[in-house]
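User: Could you take a close look at one part of this chain for me? I'd like to hear about the place where the second ligand sits, and how that part fits in with everything else.

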Amino acid sequence: MQINSGLPEDFNPSAYDMIVVGAGYAGAVCARRLAETVGFRVAVLERRNHIAGNAYDYLDEAGVLVHMYGPHIYHTFSERVHTFLSRFTEWTDYQHKVLANVHGTLMPVPFNHKSLLLAFGEERGEELYAKLVETFGKDVKVPILQLREKNDPDLAEIADYVYENVFLHYTMKQWGQTPDEIDPSVTARVPIFVGDDDRYFPQAPYQGMPAEGYTALFENMLDHDCIDVFCDVDARDIFELTDTTVKVCGNVYGGEVIYTGPLDELFDLDLGALPYRTLDMKFETLDMDQFQPVGTVNYTVSEDFTRITEFKNMTGQEVPGKTTIMKEYSHAYEPGSGQTPYYAILDPDNRKLYESYLERVSHITNFHPVGRLAEYRYYDMDAVTASALNLSDEIIACHA
Ligand code: FAD
Ligand code: UDP
């Protein structure tokens, strides 16, 4: 497929039935669906110099396939999402495993049966495990905050250990707040697992890595005669919003607009900046075959980074004598600093601010915010894909 850099001098928005801002999952899924179902001519505008949004991967200088914006592991419970994405890639059978480094001992996360034995020793560990099974049943997920509410000395012993050794320090590093202070849905992403499944996404029926990588998946998704992709284009340079219309290159645009960036940026943050956490990612290539036993090791009681990812362990790529690892350092996002807004900070005040921005675009009937940034959500790739599939259903229904 052809990826253009910048817009041609004679760029004519009205030659397109739809303009998509952002070439990540949200934008690419909508572009593909509208192009192939109702024959829309689609222009995708992306301000970075590449497609695939935060899922972008590339070969580094050592020839190792790395994820530029943090480790991305595909997993979903949704058959619809999986069927759709599987049109554009084969999948490896990679099952993501994470270990927590707790004072030098590596324990499975989510904290499970094996972690209990490592933390408490065989005998006490089995006793405590039996109590968990008796209380919650087997092969179930129990969020740490829910476990802490239980009024039982054995369960409290487990909860205190896991809270202190798995969640507290990691969450402080990641969010600058304790697990009790942040939205409960965040720590519930990594519940305790009462069972032996030691995968990071226990029970998810579809998981793996795109066989040729994420960027290749996006190349296939955007490779359609009706889709033109323009990178190095910031939509804000050619967009102007009024109360009821969106102008593109100075003229009211009559087609559909899919917007996948942050909403506050469209208004120069005039109601205040939507808060995010960002990450500094430090990549290192080492002269060895393998650095750590699994894809990701979380440093839950030590270090100032949160986790180390070793990409070859996830992709299965063979690069003898070399491996690339990456450490993530989290801090508050400063708008206008060139940082990337990675994580929306879920909190009622922030949601209210987001809703105020949303209200301002709600009367522009052809303007559709969608995706992790534009919806201000903590979405995984599959959730963004699902949201974009639903939105594209609605638009298709109006134009079929
Ligand atoms: P993005 O991928 O952010 O794409 C939006 C695009 O819009 C960007 O490329 C941006 O440059 C562009 N854009 C914004 N504004 C403008 C503008 N004005 N003009 C032009 N272009 C613009 N999900 C998983 O399922 N599994 C994982 O393991 C996983 N790991 C993650 C790890 C990290 C560190 C992070 C941050 C996220 C992770 N995710 C993971 C989530 C995943 O990255 C997102 O769900 C997904 O990439 C969001 O897609 P999107 O299209 O909504 O947004
Ligand atoms: N978390 C933690 N310790 C861990 C793993 C996760 O405290 O070992 C908490 C932390 O608050 C984190 C959240 O659970 O931000 C969600 O973790 P996840 O791995 O889903 O985060 P992501 O991969 O999206 O950064």
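Analyst: Here is a walk through the surroundings of ligand 2, then outwards to the rest of the chain.

Before we start, keep in mind that this is a predicted model.

Let's begin with the site itself. The shell around ligand 2 holds 14 residues, and the closest are Phe167, Tyr170, Thr171, Arg189 and Asn298. Two elements each give two or more residues to that shell, namely α6 (153–175) and α7 (184–187). Helix α6 is the top contributor, with six residues. As for chemistry, eight of the shell residues are nonpolar, five are polar and one is charged.

Asn298 is a good thread to pull on, as it leads from the ligand into a set of paired strands. Asn298 belongs to β18, where it stands opposite Ala100. The strand pair behind that contact is β7 with β18 (residues 296–299), which run parallel and are joined by four bridges. On from there, β18 also pairs with β19 (residues 307–310), this time antiparallel and over three bridges. In that pairing, Thr296 sits opposite Thr309 of β19.

Ala100 has a second partner too. Its bridge partner in β8 is Met107. Strands β7 (residues 98–102) and β8 (residues 105–109) pair in the antiparallel sense, over five bridges. So what links the two strands of this hairpin, and what is unusual there? Two residues lie between β7 and β8, and His103 in this hairpin takes a positive phi near 50 degrees. Most residues other than glycine have a negative phi, and most peptide bonds are trans.

The second half of that general remark matters a little further along. Val109 and Pro110 are joined by a cis peptide bond, with omega at about -5 degrees. Pro110 is found in the loop between β8 and α3 (113–120).

Now step back to the domain level. The assignment gives domain 1 (3–58 + 66–94 + 211–271 + 344–399) and domain 2 (109–195). The centres of the two domains, taken over C-alpha atoms, are 37 Å apart. If you want to put the site on that map, Arg189 is among the closest residues to ligand 2, and domain 2 covers 109–195.

For contrast, have a look at the other ligand. Ligand 1 is surrounded by 34 residues, and the closest are Gly22, Gly24, Gly53, Gly70 and Gly261. The elements giving two or more residues to its shell are α1 (25–38) and α11 (381–399). Sorted by class, that shell has 16 nonpolar, ten polar and eight charged residues.

There is also an open sheet worth tracing on your screen. It has six strands in the order β1-β12-β3-β2-β16-β22, with parallel pairing. Its edge strands are β1 (3–5) and β22 (367–369), each of which pairs on one side only. From one strand to the next, the twist averages 20 degrees. At the β1 edge, three bridges join β1 to β12 (residues 227–231), and the two run parallel. Asn4 stands opposite Phe230 of β12 there.

Two loop residues are also worth a stop for their backbone. Asp268 is a residue other than glycine with a positive phi, near 50 degrees. You'll find Asp268 in the loop between β16 (256–259) and β17 (276–286). With 10 C-beta neighbours inside 10 Å, Asp268 counts as exposed. Gln203 is not a glycine either, yet has a positive phi of about 75 degrees. Gln203 lies in the loop between β10 (192–194) and β11 (206–208). Gln203 has 14 other C-beta atoms within 10 Å, so it is partly exposed.

Finally, the whole chain. It contains eleven helices and 22 strands. The radius of gyration is 23 Å, close to the 21 Å that the globule rule gives for 400 residues, so the chain is as compact as a globular protein of that length. Along the principal axes, the C-alpha atoms fill a box of roughly 75 × 50 × 40 Å. Of the 400 residues, 42% count as buried.

To come back to your site: α6 gives the most residues to the shell around ligand 2, and through Asn298 you can follow the path to Ala100 and on to Met107 in β8.

Key
Residues are numbered from 1 along each chain as its sequence is written. Chains are lettered from A and ligands numbered from 1 in the order in which they are written. This is a predicted model: local features need pLDDT of at least 70, side-chain atom pairs count only at pLDDT 80 or more; totals for chains, interfaces and linings use all residues. A residue is near a molecule or strand if its C-beta atom, placed from the backbone, lies within 6 Å of it. Ala, Val, Leu, Ile, Met, Phe, Trp, Tyr, Cys and Pro count as nonpolar, Asp, Glu, Lys and Arg as charged, and the others, Gly among them, as polar. Domain bounds come from an automatic or database domain assignment. Two strands pair if DSSP finds at least two bridges between them. Axes are lines fitted to C-alpha atoms, for helices over the stretch in contact, and angles run from 0 to 180 degrees between N-to-C directions. The radius of gyration is taken over C-alpha atoms; the globule rule is 2.2 Å times the number of residues to the power 0.38. A residue is buried if 20 or more other C-beta atoms lie within 10 Å of its own, exposed if 12 or fewer, and partly exposed in between; C-beta atoms are placed from the backbone.
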